[in-house]
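These are my notebook entries on a structure that I had not examined before. I set down what I looked up, in the order in which I looked it up.

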Amino acid sequence: MRDYDFEEGNLFNCSRYFAGFSSFRPEIKSSLLGNTLRYAPDRTFDTLHIYLDLDLRQLGKQIISGCCTTRIRSFVESLGTLEFDAAEMRIAKVETKARNLKFSHSRNKLKVRLPVPMDYGEEMPISIHYRIRSPRVGLHFVKSGSPDARGPQVWSQGQPEESKYWFPCHDAPHQKATSEVVVKVPKGFVAVSNGRLVSWDVGSSLFHWRMEQPHSIYLISLAVGRFSEVKDRWEGIPISYYCEKGREEEARRGFGKTPKMLAFFSSRIGVKYPYPKYAQVAVSQFPGGMENTTCTTQTDAALLDSKAALDTDFDGLVAHELAHQWFGDLLTCRDWSH
């Protein structure tokens with residue numbers, strides 16, 4: 001869980017979410033434990049793998065378009081209708097194996113009708129083509145020239161249940177799946193996501209990231225900017241600090257104790273860091289940190305110059321988000337009321 005006071009609804013310490021951005025407040029109240037008993041939402045199918053094929057080359061217009069292909073496995077007999085969470089997006093078409101499917105989309109729910117019901121345990125890929133413009137939450141666009149920002153940039157924020165604002169999914173913490181993010185960005189920009197970098201086509205500015213261990217949907221991450229990568233290492237595990245170009249020394253100053261923290265938590269918890277890489281991406285207008293699996297999003301306030309480093313550090317924030325790779329990512333609550 002992030003640095004958010006769910007009971008009182010107040011931000012404190014290094015707050016994880018848009019302080020001062022009233023239109024970007026997370027939808028918390030509906031997720032909390034109160035007088036009415038809460039349970040993890042039912043699923044008629046299991047999400048096995050999510051493959052996002054995205055085009056983010058129109059950063060200035062705040063447009064994202066692409067296709068989300070989800071491989072599912074039926075949990076019930078004779079499954080004839082599939083329901084996805086899909087908020088404030090335009091659905092162009094839904095298909096499976098090049099066959100168009102009928103669908104309806106209202107009240108943030110996408111219902112897909114199958115021509116032949118699925119049997120229990122049967123698997124099937126479902127491809128949803130969609131387009132979003134100026135998303136309210138889920139993806140945040142940092143405009144170039146903003147007084148408090150270096151941009152343009154784009155970053156995602158899925159917790160608690162806001163991944164559905166940038167791709168169709170079963171948006172609940174108990175659903176875990178492997179994932180891939182393939183994204184086209186403007187030339188000169190870098191896209192960072194979960195897992196390992198499968199390929200980077202410099203000519204077309206196409207990035208392909210793959211997360212091979214199942215993780216919760218809200219932890220699927222994307223950050224785009226004119227980033228430099230500062231490389232580090234711990235016991236054979238690659239560590240990266242991404243920052244805007246020209247701030248490499250500040251990134252090493254802000255995040256440089258990460259290898260020692262990895263050693264500390266691995267020793268004290270008794271489980272070695274469980275993923276193949278760890279990255280931290282410093283972005284603008286993100287006042288805190290978010291423990292996206294293998295790819296933490298951090299405030300660029302952690303990029304300290306030599307004078308600021310005499311008086312303060314962000315070691316607490318860096319350690320906090322790293323600890324969540326075990327508690328929150330590897331081990332995840334079934335429902336937000338937990």
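Entry 1: the sheet. I worked from a predicted model. I first looked up the strand order of an open sheet of five strands and found 17-18-19-21-20, with mixed pairing. I then asked which strands stand at the edges. They are strand 17 (227-234) and strand 20 (289-290); each has a single partner strand, so one side of each is left without a neighbour in the sheet.

Entry 2: one edge in detail. I looked up how strand 20 pairs with strand 21 (residues 295-299), and the sense is antiparallel, over two bridges. For Met290, I recorded Thr297 in strand 21 as the bridge partner.

Entry 3: helices on the sheet. I noted that helix 1 (residues 248-255) packs on this sheet. Helix 1 touches strand 17, strand 18 (237-244), strand 19 (278-283) and strand 21, and its direction makes about 35° with that of strand 17. I next turned to helix 2 (residues 258-269), which lies across strand 17, strand 18 and strand 19. Helix 2 runs at about 45° to strand 17.

Entry 4: helix 3. I asked how many of the nine residues of helix 3 are buried. The count is seven, and I therefore entered the helix as mostly covered, buried meaning under 20% relative accessible area. The buried residues are Asp315, Leu317, Val318, Ala319, Glu321, Leu322 and Ala323. I also looked up what covers these buried residues; the cover includes helix 1, helix 2, strand 19, strand 20 and strand 21.

Entry 5: Ser337. I located Ser337 in the segment after helix 3 (315-323). Is Ser337 buried or exposed? Its relative accessible area is 15%, and I entered Ser337 as buried because that value is under the 20% cut-off. I also recorded a polar contact of 2.6 Å between the side chains of Ser337 and Asp335.

Entry 6: a pocket. I looked up the second largest pocket, which holds about 320 Å³ of space. Its lining comprises 22 residues, and those nearest its centre are Leu197, Trp209, Glu229, Ser240 and Tyr242. I asked which strands each supply at least two residues of this lining. They are strand 14 (196-201), strand 15 (206-216), strand 17 and strand 18. Strand 17 gives the largest share of the lining, six residues. I noted that strand 17, an edge strand of the sheet, thus appears again in this entry.

Notes. Residues are numbered from 1 along each chain as its sequence is written. This is a predicted model: local features need pLDDT of at least 70, side-chain atom pairs count only at pLDDT 80 or more; totals for chains, interfaces and linings use all residues. Side-chain values use heavy atoms; hydrogens and water are left out. Helices (H or I, at least four residues) and strands (E, at least two) are DSSP runs, numbered from the N terminus. Buried means under 20% relative accessible area, exposed over 50%, partly exposed in between (1.4 Å probe, protein chains only). A polar contact is a pair of N or O atoms within 3.5 Å; within protein, one must be able to donate a hydrogen and the other to accept it, and residues adjacent in sequence count only if both atoms are side-chain atoms. Two strands pair if DSSP finds at least two bridges between them. Contact means heavy atoms within 4.5 Å. Axes are lines fitted to C-alpha atoms, for helices over the stretch in contact, and angles run from 0 to 180 degrees between N-to-C directions. On a 1 Å grid over the protein atoms alone, a cavity is a set of points where a 1.4 Å probe fits but cannot get out, and a pocket is an open set with protein on both sides within 12 Å along at least five of seven lines; lining residues have an atom within 4 Å of a point. Grid points are joined across faces, edges and corners, and a volume is the space filled by probe spheres set on the points.
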